[in-house]
Amino acid sequence: MFRFFWVIFVNLFRIPYYVIKAECMQTHIEDYTEKQRYALAMKVANMVRRTAGIKTSVYGTQNLPKSGGYVMYANHQGKYDALGIMLGHKEPCSVVMDDKRSHGVVVKQFIDMLGGKRLEKDNLKQSMKIIHEVAEEVKQGRKYIIFPAGGYWNASNRVDPFKPGSFKAAMRAKAPIVPVAIIDSYKAFETNTIGRVKTQVHFLKPLYYEDYKDMKAVEIAKIVEKMIKDCIRKQKSDIFI
């Protein structure tokens, strides 16, 4: 957490500008394309990364579908996860985020700029509505990041069990499912250090609709979870997941 507060402190004179710019974009959203809003969001993300002394290595971008919408499903380690994935994803994409974590300064503007979704975990009806909205937008070509573990509780590379319901978004859209393995991302903001850290993002081979159309959500969740665990084991052979 110390690094997170350090980033806020160092960028105190920059943050108001980006907050005001983001609010302006939201107020006049019809005047800005999704690419323009994404570019500003990535400018903020890079400012955070540089200030925090984080280097993120990205692998497997060739696995990303060349056209149409898709859903990226990633393991979850902390506050830097979505930023790390997006910094390696050139095309505009958005994220489904826990509502309780989405209203802080900069975070709120970041989510709004990206057209992100706020998920109320304890509200089943609202959760299903969000999944439906994501599915409809993915059908129209949008890209989303979802963290199927539902949260992060351990500062480590351990992968928590995936919730099958989160895969309904891709299933309803009949869209590609892109597993994403993040490694050492927890070191960015979930530990009390300030030294430079290195994280990894791996875009794995996608599951297309033809691959999973006869499967249930539980089966898909297990396959994606295993793919991510296998990737982490390959990179971090000394850890137990």
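The second largest pocket holds about 240 Å³ of space, and it makes a handy starting point for a tour of the empty spaces here. Please keep in mind that this is a predicted model. From there we can move on to the largest pocket, with a volume of about 1200 Å³, and then to the largest cavity, at about 30 Å³.

**Second largest pocket**
- Its lining is made up of Thr61, Leu64, Pro65, Lys66, Ser67, Tyr70, Gly88, His89, Lys90, Glu91 and Lys143.
- Sorted by class, these lining residues are 3 nonpolar, 4 polar and 4 charged.

**Largest pocket**
- A total of 48 residues line the largest pocket, and His76, Val96, Met97, Asp98 and Arg101 are the ones that lie nearest its centre.
- The lining comprises 32 nonpolar, 10 polar and 6 charged residues.
- Several elements each supply at least two lining residues, among them helix 1 (2-10), helix 2 (15-27), helix 3 (34-52) and strand 3 (94-98).
- Helix 5 contributes the most to this lining, with 5 residues.

**Largest cavity**
- If you are looking for enclosed space, the structure has 1 cavity of 30 Å³ or more.
- Around the largest cavity you will find Tyr80, Asp81, Gly84, Ile182, Ile183, Ser185, Thr199, Gln200 and Val201.
- Two or more of the lining residues come from each of helix 4 (81-87), strand 6 (177-183) and strand 7 (197-203).
- Strand 7 provides the largest share, 3 residues.
- The class split for this lining is 4 nonpolar, 4 polar and 1 charged.

Note on methods
Residues numbered from 1 in each chain as written. Predicted model: local features only at pLDDT ≥ 70, side-chain atom pairs only at ≥ 80, totals over all residues. Heavy atoms only, no water. 1 Å grid on protein atoms, 1.4 Å probe; cavity = no way out; pocket = protein on both sides within 12 Å on 5 of 7 lines; lining within 4 Å. Points joined across faces, edges and corners; volume = space filled by probe spheres on them. Helix = DSSP H or I, 4+ residues; strand = E, 2+ residues; numbered from the N terminus. Nonpolar A, V, L, I, M, F, W, Y, C, P; charged D, E, K, R; others polar.
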